[in-house]
Each structure stands twice: as structure tokens, then as C-alpha cells.
Protein chains: 2
Amino acid sequence: MSARNEKLAAEKRRVILDAAVRVFARQGFNQCRVSDIADEAGVAYGLVYHYFRSKDEVLDTLFLERWNVMLEVIRELDGQDLAPREKLYAIASFIVDSYRHDPELMKVIIVEVTRAANSFGQTHLDKIREAYDLIAGIVERAQLDGAFKDTVTPRFAAMAFYGVIEQVLSGWIFETLPQGEDEFEQAKALVVETICGGLDAVSATA
Amino acid sequence: MSARNEKLAAEKRRVILDAAVRVFARQGFNQCRVSDIADEAGVAYGLVYHYFRSKDEVLDTLFLERWNVMLEVIRELDGQDLAPREKLYAIASFIVDSYRHDPELMKVIIVEVTRAANSFGQTHLDKIREAYDLIAGIVERAQLDGAFKDTVTPRFAAMAFYGVIEQVLSGWIFETLPQGEDEFEQAKALVVETICGGLDAVSATA
DNA sequence: TTCGCGATTGACTCATCAGTCAATTCGAGC
DNA sequence: GCTCGAATTGACTGATGAGTCAATCGCGAA
């Protein structure tokens, strides 16, 4: 296959993936048909199966593409010489900005994978756990440094931190919380403030 | 229908509901067939449709039964003269104890309804929101009292609080967090400590 | 211009299940 | 022991939708 053809194939594959995001966000993974994805992409039914082995693989691909970027960002941050609080702020920022940039994709990832732990969540549990582990690592080192008090296990703190973020995104997705530029910026700070206020050694025993 | 018959009917209905909890917890709502529920209950297929209009209604019933108890508990607590922190602790306790008492039911409620917002979550969004609103009310009054600082909107604080709890339960459900009597008791305290540390006026400016 | 191969098409197959319903059993009241 | 209505049964229907595949298209190489 020529380089030109490879590029065309990659582009067509992307067209299908992008269409799938819109369809999954609108109808939900289980409620939509493969033909809906094909229609949305302006492509024949069978072509979806030329580029993907199954309907599941489409969702898997969307999730892994984005989640791996996030893991990379966290690892990168982890290596830098930043205050623990700064690191958590950067992680919250990345996730909130991901939502700001492509709310439909984040809706799909959260609703269909991260929070749908029976079907896809189970499949990707290890990948999801990787994120918790990285965050737990940040907390653990912060505790050793004395920046965080150690009344909470790092793993618990990681779950709490991630849980707050996911709940806030869910709030936006289901319109339980108001959204907008201001709210996005505020949320980054509030997530960190809410969590760290309870973790910071400084405010430990007031 | 005689009183005796009514009682028998209610009991049979319960047998089906209890069987459904086990099946939903094991296989997931979408993955299981109605015949699985009937088999688990030791009852003919058609009888499920004698007691429930649809497969959905079985799940709706399970969710509403439990969620309404929780709303009642929160309202009851809300009326009492307790410190805000005590109120939040009591709510966390109730939810954790619900899990301790019937982990399968809580798994079903969280995985299939609360966190499955596309299908059932959408249907029950208002009921779920009621819980957020009650918690937000507690926070709001605490802020007016001066017990909590008001850097965070009550609604945001409520989402954060509930998000941490749900993430912890999810951790137990998917075995990302260790569970056991000690962990359950600890979790109650840690959820409140983690959240209130960032809300408490006392530890506001350390 | 023709050949070959991958891209593309969409009608079709086939398994799966939710929900129906006619038939049967059961039990309370007379 | 008879009657009647409710409880119970499970075979059946009908819709749905994932995945297949044989046919066609179109592009690049010779």
C-alpha cells in the first residue's frame, strides 16, 4: 500500500471514530446501532467492520487513545519538580480541559467506560487502576516529604481526588452543575482546594 | 383477595426482587436475561411479568426502594440539631452500612443506575438530584452559621462529598480498594475528614 | 489500457430475548 | 366437592441488530 493510501485509510478510520463519538454521546453505546455510526460517518455499514473488528473495538479505541494520553501527561508531571498540590492541580486541569475541548468524547469515556464498570470498565480496569496508582504515588511521596499528613492512605486519597473530578464532570454532563469558561477554571481550583485542604500538613491540626 | 393471599403475593414479589439483585450483581442488567431472574428465583418465566410490567421495572423498584430510604434518613438527620460535620458523617455511615449490609444491592444501584446515567440514571436523575440538594442544603446552612467557609458553592461541595463516597464504594465493588470491617469504619471517618478538612472554617487559613 | 488488490457497498443471516398468552393449577369460600 | 378468580406455567412470537460476505468500485502499477 502506498504512503498516500495509508494516509487516506487513517483518515477514513478517524472519520468513523469521530462519528462514533457523536453517536455514542447522543444515544449511548448500547442504545445505538452500528448502522447509526455508519450513517453518521456517511459510510456504508460494512466499512465499519473493515476498520474495526467489532462495535466494542470502536469504543475501546476511543477510550484507550484518550486514556493513554492522560497517563502520559501524569507520568510526565510526576517526573517534574513541583509541589504535590501543583501536580494535582495540573492533573485536574488536564481532565477539565479535555472536557472543555471535547465534551462528547469525555462523556463517552466517563459514561460508557469509567463509570460502566460491568461491561467495559471491567475490561479496562487495569488501565483505569494505572491512573489511580500514579496519583497514589504522588500522594505517597508528598506524605514522605511531610507536605501531606498521613492520616489517609495514598490509595484512598487518590480515589477521593479522582472521585471528585469525575463527579464534577458527571455534573456537567447531566446538567446537575452549571458549566462555562468560568466554572471550568473554578472547578480546577476547587477540586484541589477541597481535597488538599484535608490533606495539607499545614492545615492539619488547626 | 384474602389478607393471607396478599401476604403471599408480597412475599413472592420479594423472592423475585431478591433473585434479581443477585443476577444483576453477577451478570449486569443488560447482560442478563429475564429467564435468568426467573431461574434464580425458582419461578416460571411468565411470573416475573405477573409481578412486574417489564425488566426495567424490576430494576426501578430495587433502586427506588433503597434510594427513598436514604432520602428519608437524610431528611430526618437534616431536622436534627447536629453539627454539619456530624450530619455528613451520619450520611456517609448510612451509605457505607448499606453496602456492608447488602453489597450486591449497592453494587446494582451504583453500577446500573447511579453511574449508568444514560439509561436508568437519566430516568432517575431527579431522584438522584434530590439527594444532592439535601446535602447542598446542609452545607449551605453550615456556611451561614460560619461552620464552613464559603469558598465553595454548596452544590459543588455536595457533589464532591457524594463523589468521594461513590468512588470509595466503587473501589470496593471493583476490588480496587481493600474492604473489611475496619476499612468500612475507617472510610466513614476518612470521607468526612477529607471533605471537611477543606470546608471547615477552623482550618480555613492555616 | 489493462490488471490486481484493497476499499467500499449493503442485503442477508442468524442468534438473541423481551414480552405475550392460552392453558393449567391452586386455594378460598360456599 | 364445586366454583371462580387469581397465581403460575412455559412455549411461542416478533423485533432487533451484530456481524458476514459476495459483488462492485477505483486507484496505482505495469
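**Contacts, core and copies in a predicted model**

Author: Apart from its neighbours within four places in sequence, A:Phe161 touches A:Leu88, A:Ile135 and A:Ile195. The model is a predicted one.

Reader: What makes A:Phe161 stand out in the largest nonpolar core?

Author: The largest nonpolar core holds 118 residues, and A:Phe161 and B:Phe161 are those with the most contacts inside it. Membership requires a residue to be buried and joined to the others through C-beta atoms within 7 Å. A:Phe161 belongs to that set, and its contacts beyond the sequence neighbourhood include A:Leu88.

Reader: What fraction of chain A is buried, and how do you know that contacts join positions 24 or more apart?

Author: Of the 206 residues in chain A, 40% are buried. Among the contacts in chain A with a separation of 6 or more, 65% link residues that are 24 or more positions apart. As for the elements, chain A has 10 helices and 0 strands, and its C-alpha trace spans about 65 × 40 × 30 Å along the principal axes.

Reader: Why is H9(B) said to be largely enclosed?

Author: A residue counts as buried when 20 or more other C-beta atoms lie within 10 Å of its own. Since 18 of the 20 residues of H9(B) are buried, this helix is largely enclosed by the rest of the structure.

Reader: What makes the span of helix H9 of chain B close to the one expected?

Author: The expected span is 1.5 Å times one less than the number of residues. Helix H9 of chain B, residues 154-173, has 20 residues and reaches 28 Å from its first C-alpha to its last, close to the 28 Å expected.

Reader: Which residue with a positive phi follows H9(B), and what makes that sign worth a remark?

Author: H9(B) is followed by B:Glu175, whose phi is positive, near 60 degrees, although B:Glu175 is not a glycine. Most residues other than glycine have a negative phi. B:Glu175 lies in the loop between H9 and helix H10 (181-197) of chain B. In chain A, A:Glu175 also has a positive phi of about 60 degrees without being a glycine, and it lies in the loop between H9 and H10 of chain A.

Reader: Why is A:Glu175 called exposed, and why is A:Lys149 called partly exposed?

Author: The label exposed applies at 12 or fewer other C-beta atoms within 10 Å, buried at 20 or more, and partly exposed in between. A:Glu175 has 10 such atoms, so it is exposed, and B:Glu175, with 10 as well, is exposed too. A:Lys149, found in the loop between H8 and H9 of chain A, has 18 C-beta neighbours inside 10 Å and therefore counts as partly exposed. B:Val73, in helix H4 of chain B, is partly exposed with 17 other C-beta atoms within 10 Å.

Reader: How do you know that the two copies are related as by a two-fold rotation axis?

Author: Chain A can be laid on chain B by a turn of 180 degrees and a shift of 0.0 Å along the axis, with an RMSD of 0.0 Å. The two copies are therefore related as by a two-fold rotation axis. The same surface serves both copies, with 100% of the contact residues of chain A recurring in chain B.

Reader: How many residues of chain A are in contact with chain B, and which elements supply them?

Author: In chain A, 38 residues are in contact with 38 residues of chain B. Helices H7 (117-123), H8 (125-145), H9 (154-173) and H10 (181-196) of chain A are the elements that give two or more residues to that side, and H9(A) gives the most, with 12 residues. By class, the side of chain A that touches chain B comprises 19 nonpolar, 14 polar and 5 charged residues.

Reader: Which residues come nearest to DNA strand C, and what makes up the surface near it?

Author: A residue is near the strand if its C-beta atom lies within 6 Å of it. There are 19 residues around DNA strand C, and A:Ala44, A:Gly46, B:Val34, B:Gly46 and B:Ser54 come nearest. The elements giving two or more residues to this surface are helices H1 (3-27) and H3 (45-51) of chain A, together with H1 (3-27) and H3 (45-51) of chain B. H3(A) gives the most, with 4 residues, and the surface divides into 9 nonpolar, 6 polar and 4 charged residues.

Methods. Residues numbered from 1 in each chain as written. Chains lettered and ligands numbered in written order. Predicted model: local features only at pLDDT ≥ 70, side-chain atom pairs only at ≥ 80, totals over all residues. Contact = placed C-beta atoms within 7 Å. Nonpolar A, V, L, I, M, F, W, Y, C, P; charged D, E, K, R; others polar. Least-squares fit on C-alpha atoms with pLDDT ≥ 70 in both.
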